[in-house]
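User: Please take a close look at how charged side chains are paired in this model. I would like one connected account that also places those pairs within the surrounding fold.

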Amino acid sequence: MKKILLFVLLVSALFFSFERLSKTQTKPENTQSEQDKDRPKLIALKFGEPAELTYDAGTVRFLATSVDTNGAWSLVELKEMPGYHTNLHRHNHTDEAFYVIEGVLTVKINDKLSDYPAGSYVLIPRGTPHAQGNRGKVPARILLTMTPGGFERSFKDRVDLFKTAKPSDPDFRQKRKENAAKGNYDVEFLADWDLPK
């Protein structure tokens, strides 16, 4: 009887030891180091991914959102149609950078108006009054980087707004301003601005 009891205890001890060892060796790593907590997600997109979404200026593709980068930055691809322009505004906490892929982007920075053809890069530091638009005859395709991220949410709201209201509606710009206030985007509208021909 003692031998059987000793044998059962030994087998039980071995079983629980192997089970414990197995759990520690195969347990997924759920804890992140402090360094990895702010690490962006892996983003690998093929041509045409993600799909373009239509909004009041043309189309937008969300390549990297602030969710993907833990708020560090965001990247969107914009296709702005001829005649589209923003009002004069500034971002008090966000640096904005444009890289023109196709067409010509017209940018007013403070009091200076300049045209930026494909291959041009424009960095607008936070707090800088600016406006931009497309006064050409073809769409302007632009990569827009925002640091830190978050302002890209305004484009998502514009996509949703465009489903129910069009820029020709008399209160369209007012609805956009209301969305900006509600969404707490980093944008301060300074003045109306007409895109010079």
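Analyst: Asp160 and Lys163 both belong to helix H3 (residues 153-164), and because they are three residues apart they are separated by about one helical turn. Their side chains form a salt bridge in which the closest N and O atoms are 3.7 Å apart, the term meaning a side-chain nitrogen of Lys or Arg within 4 Å of a carboxyl oxygen of Asp or Glu. The two partners fall into separate accessibility classes: Asp160 is partly exposed at 43% relative accessibility, whereas Lys163 counts as exposed at 63% (buried is under 20% relative accessible area, exposed over 50%, partly exposed in between, with a 1.4 Å probe and protein chains only).

This is a predicted model, in which local features need pLDDT of at least 70 and side-chain atom pairs count only at pLDDT 80 or more, while totals for chains, interfaces and linings use all residues. Residues are numbered from 1 along each chain as its sequence is written, and side-chain values use heavy atoms, with hydrogens and water left out.

Taken as a whole, the structure holds 10 salt bridges. One of them joins the side chains of Arg90 and Glu188 at 3.0 Å, N to O, and this pair links distant parts of the chain, since Arg90 sits in strand E4 and Glu188 in strand E11 (residues 188-191), 98 residues apart. Arg90 is partly exposed, with a relative accessible area of 24%, and Glu188 is also partly exposed, at 29%.

Glu102 and Arg141 make another salt bridge, with their closest N and O atoms 3.2 Å apart. Glu102 lies in strand E5 and Arg141 in strand E10 (residues 140-147), so this pair ties together parts that are 39 residues apart in sequence. Glu102 is partly exposed at 38% relative accessible area. Neither partner stands alone, for salt bridges with shared partners join Arg61, Glu77, Glu102 and Arg141 into one network.

The nonpolar interior draws on some of these elements too. A nonpolar core is a set of buried Ala, Val, Leu, Ile, Met, Phe, Trp, Tyr and Cys residues joined through side-chain atoms within 4.5 Å. The largest such core has 23 residues, and the members that touch the most others are Tyr55, Val60, Val76, Leu78, Phe98, Leu144 and Phe155. Several elements give two or more residues to this core, including E5, E10 and H3, as well as strand E2 (58-64) and strand E3 (74-80). E10 provides the largest share, four residues. Leu78 brings the core and the charged network together: leaving aside neighbours within four places in sequence, Leu78 is in contact (heavy atoms within 4.5 Å) with Tyr55, Thr59, Val60, Ala140, Arg141, Ile142, Leu144 and Phe155.

Beside the Arg90 pair, His91 lies in the loop between strand E4 (88-90) and strand E5 (95-102). His91 is buried, with a relative accessible area of 3%, and the side chain of His91 reaches the backbone oxygen of Asp186 at 2.6 Å. Not counting residues up to four places away in sequence, His91 touches Glu96, Arg126, Gly127, His130, Phe151, Asp186 and Val187.

For the wider setting, the chain contains four helices and 11 strands, these being DSSP runs (H or I of at least four residues, E of at least two) numbered from the N terminus. Of its 197 residues, 37% count as buried, and residues 24 or more positions apart account for 68% of the contacts with a separation of 6 or more.

Note on methods. A polar contact is a pair of N or O atoms within 3.5 Å; within protein, one must be able to donate a hydrogen and the other to accept it, and residues adjacent in sequence count only if both atoms are side-chain atoms.
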